[in-house]
Amino acid sequence: MLRLTTDEQGLLPSTSRRELLRIGGLGGLMWPFVGAAPLQAESTQQVPGFGRAKSVIVVYANGGQSQLETWDPKPAAPAAIRGEFAAIPTAVPGTLVSEYFPRLAKLSDRYAIIRSMSHDDLDHGSATYLALTGRFHTRKSSNPLPASTDAPTHGSILARVRPTSQFPYSAVHINGPAFVPLIAGPGQSGGLLGRDYDPLLLGDVHEKAVGLPGLSQQPNLPTVRLDARKTLLESIDGFTKQLDRGQPIGDVGGLYEQAYRMLASPNCRDAFDLTQESDALRDRYGRNRAGQACLLARRLVEAEVPWVTVFFNQNARGQDDAPNDTDLYGWDTHNDIFVAMKNYLMPRFDLGFSALLEDLENRGLLDTTLVVCMGEFGRAPRIAFEKSFAGQTPGRKHWGAVYSIVMAGAGIQPGMVYGASDKIAAFPTVEKTGPADVTATMFAALGIDPAAHYTDGFGRPFAISEGQPLAGLY
């Protein structure tokens, strides 16, 4: 069993953090605090795929992909169930996907489809929390605001139990935060671990030359001047401690070091620079928010960032307010499901997600990167029109009883279908699994015992996961 211990955690007051940002002028970034001693771990647990991954990429389909229109079509079901789309064969005999996934159909021998995901949380906010933390919210089937008592998001847990020494951040969220549908949903922060464990949050990166403009090299800032600024910050910090009779207001040394490492490391700066990629490859991913976010995810994995979450669409349902802006479309397709998916959602997803899988494989990164594509739930089997939502044609309601996700890389058996749903994609028939098991699988892939515990700032223990790794995927 994995045993974790920690020293007392220090916390940085928000006023000191704001002052650091004002002095540093680093584009409004919030640097995570690293004053707490890292947890020590030694594990004897061995499960299939344990430790195969150096990084995890989560591609989050915000709003809830319809299993019937994507990974689990039912061509033999009645029209009111199967919908308007045809199912097409894939590279794996006997496995069907939607006709609007032509690229992903050709790549089906690279990934595994899990068709038996299931839970009973039916609102975007709390279900997003469940997906991104592996735990049910205390207010199930609701849309709660984020709170300091929330369970930490996956990347924050990783930063607590095994912070990386290769990059200033252990976790990065791209194209976020996820709005569910009009506010940032819970489950995307450090939660009860504190803001110092928040992942680095990036928004729209597709129109920027560098994902973090503040990190671009300044021709008038040679290394000697950068070193001088570091010395100045150390002097200011030392003077502050003297003023407080040797008791620092907040141990910002870790924050200074993080900022300095980001500015001083060409590898770190370059990781965010999408202009280093060829125009052809950027086109292959798609010149849009989600596509370029996937490309940046691959670059961050190359820079040895261990956890990257891509919100493939930032909005769960942005089409209500901007029906002509494809970037704002989400998978929450209560009405107009076939128009939205055919013309906006599926072509872009087929392009960007397939490019990510191909690119990782071509660069030899897929063997050591676990890729997980998931949303918060699926959609109802029966098509219906909902008067309380915008749109002119029917769609599908929220449905958590069964839905599909995809995993690839890091030893996952390619081409397999794990679990199954019934003939109308309403309930699982075999291998019922849930978000906690996905959480356990991801941490096990990184070589971290999911049954182990971490502690918060008050020393309270919390299990990394309440689920079990999906050994049948290997």
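A nonpolar core is a set of buried Ala, Val, Leu, Ile, Met, Phe, Trp, Tyr and Cys residues joined through side-chain atoms within 4.5 Å. In this predicted model, the largest such core has 59 residues. Helix 11 (residues 337-362) gives the most to this core, with twelve residues. Helix 11 also gives the most to the lining of the largest cavity, with four residues. W71 and F349 recur below, in the core and in an aromatic cluster.

**Nonpolar cores**

- Within the largest core, the residues with the most contacts are W71, Y111, I174, L300, F349 and F353.
- Apart from the largest core lies another core, of 41 residues. Its members include V58, L132, A171 and A178.
- L300 touches F167, V172, I174, A271, F272, V305 and V308, leaving out residues up to four places away in sequence. Of these partners, I174 is also on the list of residues with the most contacts inside the largest core.
- In soluble globular proteins, nonpolar side chains tend to be buried together.

**Aromatic pairs**

- The structure holds 15 aromatic pairs.
- W71 and F349 form an edge-to-face pair, 6.3 Å centre to centre, with 75° between the planes. W71 sits in the loop between strand 1 (55-60) and helix 2 (79-82), and F349 sits in helix 11, so the pair ties together parts that are 278 residues apart in sequence. Both W71 and F349 are buried.
- F85 and F338 have ring centres 5.4 Å apart and planes at 80°, so this pair is edge-to-face. F85 lies in the loop between helix 2 and strand 2 (87-89), and F338 lies in helix 11, 253 residues apart. F85 and F338 are both buried.
- One aromatic cluster is formed by W71, F101, Y111, F312, W331, F349 and F353.

**Cavities**

- The model has three cavities of 30 Å³ or more.
- The largest cavity holds about 90 Å³ of space. Its lining is made of A290, F312, N313, T326, D327, Y329, W331, Y344, L345, R348 and F349. These divide into seven nonpolar, two polar and two charged residues.
- Three lining residues, F312, W331 and F349, also belong to the aromatic cluster.
- The second largest cavity has a volume of about 50 Å³. L68, P73, K74, P75, R82, F85, A86, A87 and S98 line this cavity. Six of the lining residues are nonpolar, one is polar and two are charged.
- F85 is thus both a lining residue of the second largest cavity and a partner of F338 in an aromatic pair.

**Helix 4 and T153**

- Helix 4 (residues 124-133) is mostly covered, with ten of its ten residues buried. Among the buried residues are H124, Y129, L130, L132 and T133.
- Just after helix 4, G134 takes a positive phi of about 80°.
- T153 is placed in the loop between helix 4 and helix 5 (154-161). The relative accessibility of T153 is 2%, so T153 counts as buried, the cut-off being under 20%.
- Leaving aside neighbours within four places in sequence, T153 is in contact with L132, T133, H173, G187, Q188, S189 and P199. Two of these partners, L132 and T133, are buried residues of helix 4. L132 is also a member of the core of 41 residues.
- T153 and G190 are 37 residues apart in sequence and 6.1 Å apart in space, C-alpha to C-alpha.

How values were computed: Residues are numbered from 1 along each chain as its sequence is written. This is a predicted model: local features need pLDDT of at least 70, side-chain atom pairs count only at pLDDT 80 or more; totals for chains, interfaces and linings use all residues. Side-chain values use heavy atoms; hydrogens and water are left out. Buried means under 20% relative accessible area, exposed over 50%, partly exposed in between (1.4 Å probe, protein chains only). Helices (H or I, at least four residues) and strands (E, at least two) are DSSP runs, numbered from the N terminus. Contact means heavy atoms within 4.5 Å. On a 1 Å grid over the protein atoms alone, a cavity is a set of points where a 1.4 Å probe fits but cannot get out, and a pocket is an open set with protein on both sides within 12 Å along at least five of seven lines; lining residues have an atom within 4 Å of a point. Grid points are joined across faces, edges and corners, and a volume is the space filled by probe spheres set on the points. Ala, Val, Leu, Ile, Met, Phe, Trp, Tyr, Cys and Pro count as nonpolar, Asp, Glu, Lys and Arg as charged, and the others, Gly among them, as polar. Rings of Phe, Tyr and Trp (its six-membered ring) pair if their centres lie within 6.5 Å; planes under 30 degrees apart count as stacked, over 60 as edge-to-face and the rest as tilted.
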